[in-house]
Amino acid sequence: MKVVDRVVTMSPRRLFEKWARFEPYRRGPMRADAFDAHLHDERTATQLGLALGVAFTVCFATGLISHGLQRGPVWFREDWPSTGISIYRITQGLHVMTGVAAIPLLAVKLWSVYPRLFAWPPARNVTHAIERLSLLALVGGAIFQLATGVMNIFYWYAFPFNFPNAHYAGAWITIGGLVVHIGAKISTARTALSDPAPPEHEDGSRLTRRGLLAAAGAGSGTLILLTAGASVSPLSRLAVLAPRRAGDGPQNVPVNHVAPSAVRAAAASPDYRLTIAGAVPRPFSLTRAELAALPRVTEELPISCVEGWSTNARWTGVRLRDLLDRAGAPADAVVHVASLQTSGGSSASLLYPHQHRDPRTLLALELNGEELHIDHGWPVRLIAPNRPGAQQTKWISRIEVI
Ligand SMILES: Nc1nc2c(c(=O)[nH]1)N[C@H]1C(S)=C(S)[C@@H](COP(=O)(O)O)O[C@H]1N2
Ligand SMILES: [Mo]
């Protein structure tokens, strides 16, 4: 273990000198002097822990919002406002950014505390044993959350489980572990922060505590800078590590899920109709041409995808409210919007009263001044303020009033 420590903290020149006179380290990690206390001290661990605690808390809270809007209780979805059109864009951007920022912080924190894995005795008493076991939840959960989150951004579903369910369960396990950990450590952490800082290394060729924290911060900052542009448009050109960013894709909007061939065929068919039906006195159907002949409005609204990107765009189309009024739908109805696509989690969505009454909720026919691209939802797609991208249903065929 000392080997790892030395290698990480040595200057390249020292490293080379050591390597040139290599001697095997055969001492076990349980030895009292197996670790250099420097950089593995309580104070460094606490400072890294504070930064991680903030990142995880924001990530958890914003994740709950996103989950709540998509799979949460009706009261939450009903009351989530449509007035602040970009609130979801901001919470989702923060979710991804705090998660990304946590990756280097977690790596450095784990490195800083890993000698404690070999603490002797492994447990001093029952409480201590429980506290140590809770670390399994915290560390395991944190690694799982960051790994699956990044994989989701890259659409790399290499795991056998359902991403939203597993990521949601993992969030509670991680935050549970975090609460127990904070409870167990709070007094030690307080002392570590209020006591005068222990002296830094005299030897200038070794990494200092301050240097370690600066490296962790620089790692986080760099990763944020190279990914934030996926949701913060002015930074989009820097977002070289993000698979999708503002400006990419047809009509300058990234595509999440291209049109399947069955959808292309149904959309191009002369039999295509948009139907408004369900619990309404005057159900009706429209061809694409009839729909396009109705009065149109233009709104600037964001698409904010759960897979980590957001962008604003100019949408032109017919107000959903106008079509619902024409069918005689009650103002307090819930509206189900279904796609030509018959399977898949995003092939339909629900609109609660304030959402379908909102004058900015459109059945969009144009995007950024052009006829909607098939991959963006032609013949017609839903775009409504302050909703997760997954609920902006493309290739709409039926609007059912419930
Ligand atoms: N019918 C249908 N609508 C859909 C989807 C889909 O797979 N099928 N994907 C959703 C998701 S997850 C997002 S983020 C947005 C993306 O819209 P865009 O591809 O036009 O950018 O469309 C949504 N609408
Ligand atoms: Mo999405």
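**Exercise 1. Ile 224 and its surroundings**

In which helix is Ile 224 found? Determine its exposure and its contacts in this predicted model.

*Solution.*
Step 1. Ile 224 belongs to helix 8, which covers residues 209-227.
Step 2. The relative accessibility of Ile 224 is 26%. Buried requires a value under 20% and exposed a value over 50%, so Ile 224 counts as partly exposed.
Step 3. With neighbours within four places in sequence left aside, Ile 224 contacts Met 97, Val 100 and Ala 101.
Step 4. Ile 224 and Leu 238 are separated by 14 residues in sequence, and their C-alpha atoms are 9.9 Å apart.

**Exercise 2. The chain as a whole**

Describe the protein chain by its secondary structure, extent, burial and charge.

*Solution.*
Step 1. The protein chain contains 12 helices and 10 strands.
Step 2. Its C-alpha trace spans about 85 × 45 × 35 Å along the principal axes.
Step 3. The chain has 402 residues, of which 44% count as buried. It exposes about 19,700 Å², with carbon and sulfur atoms supplying 64% of that area.
Step 4. Consider contacts between residues at least 6 apart in sequence: 69% of these join residues at least 24 apart.
Step 5. There are 40 positive and 29 negative charges, and the mean positions of the two sets lie 5 Å apart.

**Exercise 3. The surroundings of ligand 1**

Which residues come nearest to ligand 1, and which polar contacts can be listed?

*Solution.*
Step 1. Around ligand 1 there are 21 residues, and those that come nearest are Pro 254, Asn 256, Gln 341, His 376 and Lys 394.
Step 2. Two contacts involve an oxygen atom of the ligand. From Asn 256, a backbone N or O atom lies 2.8 Å from an oxygen atom of ligand 1. From His 376, a polar side-chain atom lies 2.6 Å from an oxygen atom of the ligand.
Step 3. On the nitrogen side, a polar backbone atom of Gln 392 is 3.0 Å from a nitrogen atom of ligand 1.
Step 4. Ligand 1 on its own has 530 Å² of accessible area, and the protein covers 98% of it.

**Exercise 4. Backbone geometry in the loops**

Locate a cis peptide bond and two residues other than glycine with positive phi, and state the exposure of these two residues.

*Solution.*
Step 1. As a reference, most residues other than glycine have a negative phi, and most peptide bonds are trans.
Step 2. The bond that joins Trp 378 and Pro 379 is cis, with omega about 10°. Pro 379 sits in the loop between strand 8 (370-371) and strand 9 (381-383).
Step 3. For His 257, phi is near 75°. This residue lies in the loop between helix 8 and helix 9 (261-268), and its relative accessible area of 43% makes it partly exposed.
Step 4. For Asn 386, phi is near 60°. Asn 386 is placed in the loop between strand 9 and strand 10 (396-401). Its relative accessibility is 2%, so Asn 386 counts as buried.

**Exercise 5. Ser 304 and Arg 77**

Are Ser 304 and Arg 77 buried or exposed? Place each residue and list its contacts.

*Solution.*
Step 1. Ser 304 lies in strand 3, residues 297-305. Its relative accessible area is 1%, so Ser 304 is buried.
Step 2. Beyond four places in sequence, Ser 304 contacts Tyr 88, Arg 89, Trp 309, Ser 310, Arg 387, Pro 388 and Gly 389.
Step 3. Arg 77 lies in helix 4, residues 74-79. The threshold for buried is under 20%; at 19%, Arg 77 is therefore buried.
Step 4. Residues up to four places away not being counted, Arg 77 touches Gly 68, Leu 69, Gln 70, Arg 71, Gly 72, Tyr 352 and His 354. The C-alpha atoms of Arg 77 and Leu 350 are 9.6 Å apart, although 273 residues separate the two in sequence.

**Exercise 6. Gln 47**

Where is Gln 47 placed, and which residues does it contact?

*Solution.*
Step 1. Gln 47 is part of helix 3, residues 42-71.
Step 2. At 27% relative accessibility, Gln 47 counts as partly exposed.
Step 3. Neighbours within four places aside, Gln 47 is in contact with Leu 193 and Leu 213.
Step 4. Gln 47 and Leu 193 are 146 residues apart in sequence, with a C-alpha to C-alpha distance of 8.0 Å.

Definitions and conventions. Residues numbered from 1 in each chain as written. Chains lettered and ligands numbered in written order. Predicted model: local features only at pLDDT ≥ 70, side-chain atom pairs only at ≥ 80, totals over all residues. Heavy atoms only, no water. Helix = DSSP H or I, 4+ residues; strand = E, 2+ residues; numbered from the N terminus. Buried < 20%, exposed > 50% of the residue type's maximum accessible area, 1.4 Å probe, protein only. Contact = heavy atoms within 4.5 Å. Areas by Shrake-Rupley, 256 points an atom, 1.4 Å probe, with all protein chains shown as cover. Lys, Arg positive; Asp, Glu negative; His and termini not counted. Charge placed at Lys NZ, Arg CZ, Asp CG, Glu CD. Near = heavy atom within 4 Å. Polar contact = N/O pair within 3.5 Å; in protein donor to acceptor, adjacent residues only side chain to side chain.
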